Amino acid sequence: MNNDNDLHFTKEQIEKITETYSTPFHIYAEEGIRQNAKNLKTAFSSFNGFKNYFAVKACPNPYILEILKEEGMGVDCSSLPELLLAEASGFKGEEIMFTSNNTPANEFQKAAELGAIINLDDITHIPFIEEHIRIPELICFRYNPGPLRKTSEGNVIGNPEDAKYGLTRDQIFEAYKTMRDKGSKRFGLHTMVASNDLNPETFKETASMLFGLAIEIFEKLGIKIEFINLGGGIGIPYKPEQKEINLVELAEKIKAVIDEKKVFEKLPGLKIVMENGRMITGPFGYLITRAIHEKHIYKGYIGVDASMANLMRPGMYGAYHHITVLGKENAMATKTYSIVGSLCENNDMFAIQRKFPEIKIGDLLAIHNAGAHGHAMGFNYNGKLRSAELLLRKNGEVKLIRRAETEKDYFLTLDFPDSEYSGLSRD
Ligand SMILES: *Cc1c(COP(=O)(O)O)cnc(C)c1O
């Protein structure tokens with residue numbers, strides 16, 4: 001949501017919530033997430049067995065995962081803790097896609113134990129899983145098209161040729177053949193070449209590339225791909241002038257490629273899946289923070305009680321996040337400020353010299369589109385503590401779905417028994 005009047009709550013609601021939970025905190029609008037999940041499912045409903053495997057890293061909270069499970073999604077995990085979170089949230093077997101890279105053996109072991117779909121990132125992972133787990137019946141490979149594809153603007157992955165992920169075109173053929181010879185019976189094909197992409201043509205090109213490759217694999221090797229995972233990467237409009245991708249049109253574009261390439265004639269029963277993270281929860285989460293200082297030197301600053309430890313994207317990628325001063329949604333933007341956190345890093349800025357209505361100390365600010373890669377990217381550098389996560393229900397009720405860290409948590413992993421905060425002296 002990239003507009004001041006697009007909020008999922010009122011200022012009064014947030015004021016009331018701050019009586020119980022102090023700022024900063026992340027708040028997610030449940031109904032928005034559910035409706036969005038339904039929209040995606042409906043848009044792709046004409047595709048056989050369509051499923052989105054939610055990329056857990058975007059918003060790794062079991063309450064959110066349970067909601068997405070109820071809406072028919074699977075999960076895409078890339079680490080052992082993410083697999084454990086998926087398991088704890090009730091996901092089983094092939095509802096879990098394990099798309100990792102540079103993967104330690106114990107993580108493959110857990111994925112195999114859960115019966116997850118294993119998506120291999122490299123050809124050398126074949127002997128690696130053979131040694132450490134076994135050759136699974138179902139196997140998927142991540143394709144990296146290298147110089148055959150370029151990325152569009154705003155993409156946070158970069159050009160495929162420079163990316164560390166996946167197998168080359170030549171390796172892909174060898175990999176499927178090897179797995180078949182070793183006893184695998186079912187096969188998937190995956191790529192992930194874009195993230196935060198708002199251009200439907202990107203996904204059409206990806207679909208076309210993968211359908212073409214799957215057909216070639218069948219023609220050359222007689223191996224029938226059972227599902228194609230188009231990856232995630234559907235972007236969200238962070239900036240006010242950007243527009244969201246029309247999912248119905250996107251599905252139609254992909255359908256057109258399928259018809260043109262006669263995909264279902266050549267590969268009957270082929271399933272199409274995706275693994276979006278950002279577009280599923282991103283627009284429905286906000287970082288709520290309060291203005292605590294105003295400073296004027298060479299430029300004007302509003303200091304807030306959140307920092308880049310609560311939302312790293314602006315500091316890390318220079319990403320734009322829309323910010324609404326609650327209660328001043330329709331006021332004229334007459335002042336220019338940078339909105340800054342308290343880290344001793346000058347990139348700890350949520351907005352740089354942006355126009356706002358006049359901000360008073362004590363005003364509440366809602367930082368938009370923080371529902372993906374927001375809380376999840378939190379860290380403790382500079383002694384910053386991760387904030388709470390709240391779930392806003394349709395009826396206005398608020399549930400604490402993760403408490404804020406305390407100073408005690410900061411000491412928890414230290415072997416430092418003399419401090420009253422130390423983990424070792426807790427009980
Ligand atoms: C991050 C990631 C996704 C999800 O990407 P979004 O841009 O959040 O949709 C999907 N698959 C893999 C392998 C990823 O690393």
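In this predicted model, the ligand is surrounded by 14 residues, and the closest of them are Lys57, Ser195, Gly233, Glu275 and Arg278. Sorted by class, this shell comprises 2 nonpolar, 7 polar and 5 charged residues.

Three residues, listed below, place an N or O atom beside an oxygen atom of the ligand.

| Residue | Part of the residue | Distance to a ligand oxygen atom |
|---|---|---|
| Lys57 | polar side-chain atom | 2.7 Å |
| Ser195 | N or O atom in the side chain | 2.6 Å |
| Arg278 | backbone N or O atom | 2.7 Å |

Lysine 57 and serine 195 thus enter the table through their side chains, whereas arginine 278 enters through its backbone. The ligand would expose 390 Å² if taken alone, and the protein buries 90% of that area.

The ligand occupies the largest pocket of the model. This pocket holds about 750 Å³ of space. Its lining is made up of 34 residues, and those nearest the centre of the pocket are Lys57, Ser78, Tyr165, Met192 and His373. Three elements each give two or more residues to this lining: the strand β3 (74-77) and the helices α11 (278-281) and α12 (313-317). By class, the lining of the largest pocket contains 15 nonpolar, 12 polar and 7 charged residues. Lys57 therefore belongs to two of the groups described here, being named among the residues closest to the ligand and among those nearest the centre of the largest pocket.

Apart from the pocket, the model contains 1 cavity of 30 Å³ or more. The volume of the largest cavity is about 60 Å³. It is lined by 11 residues, of which Asn144, Ala163, Tyr165, Met192 and Val193 lie closest to its centre. The lining of this cavity consists of 8 nonpolar, 2 polar and 1 charged residues. Tyr165 and Met192 are named both for the largest pocket and for the largest cavity.

Two features of the backbone deserve a separate note. Most residues other than glycine have a negative phi, and most peptide bonds are trans. Threonine 23 and proline 24, however, are joined by a cis peptide bond with omega of about 0 degrees. Proline 24 is located in the loop that connects α1 (11-20) with β1 (25-29). The second feature concerns asparagine 196, a residue other than glycine whose phi is positive, near 60 degrees. Asparagine 196 is found in the loop between β7 (186-191) and α8 (200-221).

Notes
Residues numbered from 1 in each chain as written. Predicted model: local features only at pLDDT ≥ 70, side-chain atom pairs only at ≥ 80, totals over all residues. Heavy atoms only, no water. Near = heavy atom within 4 Å. Polar contact = N/O pair within 3.5 Å; in protein donor to acceptor, adjacent residues only side chain to side chain. Areas by Shrake-Rupley, 256 points an atom, 1.4 Å probe, with all protein chains shown as cover. 1 Å grid on protein atoms, 1.4 Å probe; cavity = no way out; pocket = protein on both sides within 12 Å on 5 of 7 lines; lining within 4 Å. Sits in = over half its atoms within 2 Å of the grid points. Nonpolar A, V, L, I, M, F, W, Y, C, P; charged D, E, K, R; others polar. Points joined across faces, edges and corners; volume = space filled by probe spheres on them. Helix = DSSP H or I, 4+ residues; strand = E, 2+ residues; numbered from the N terminus.
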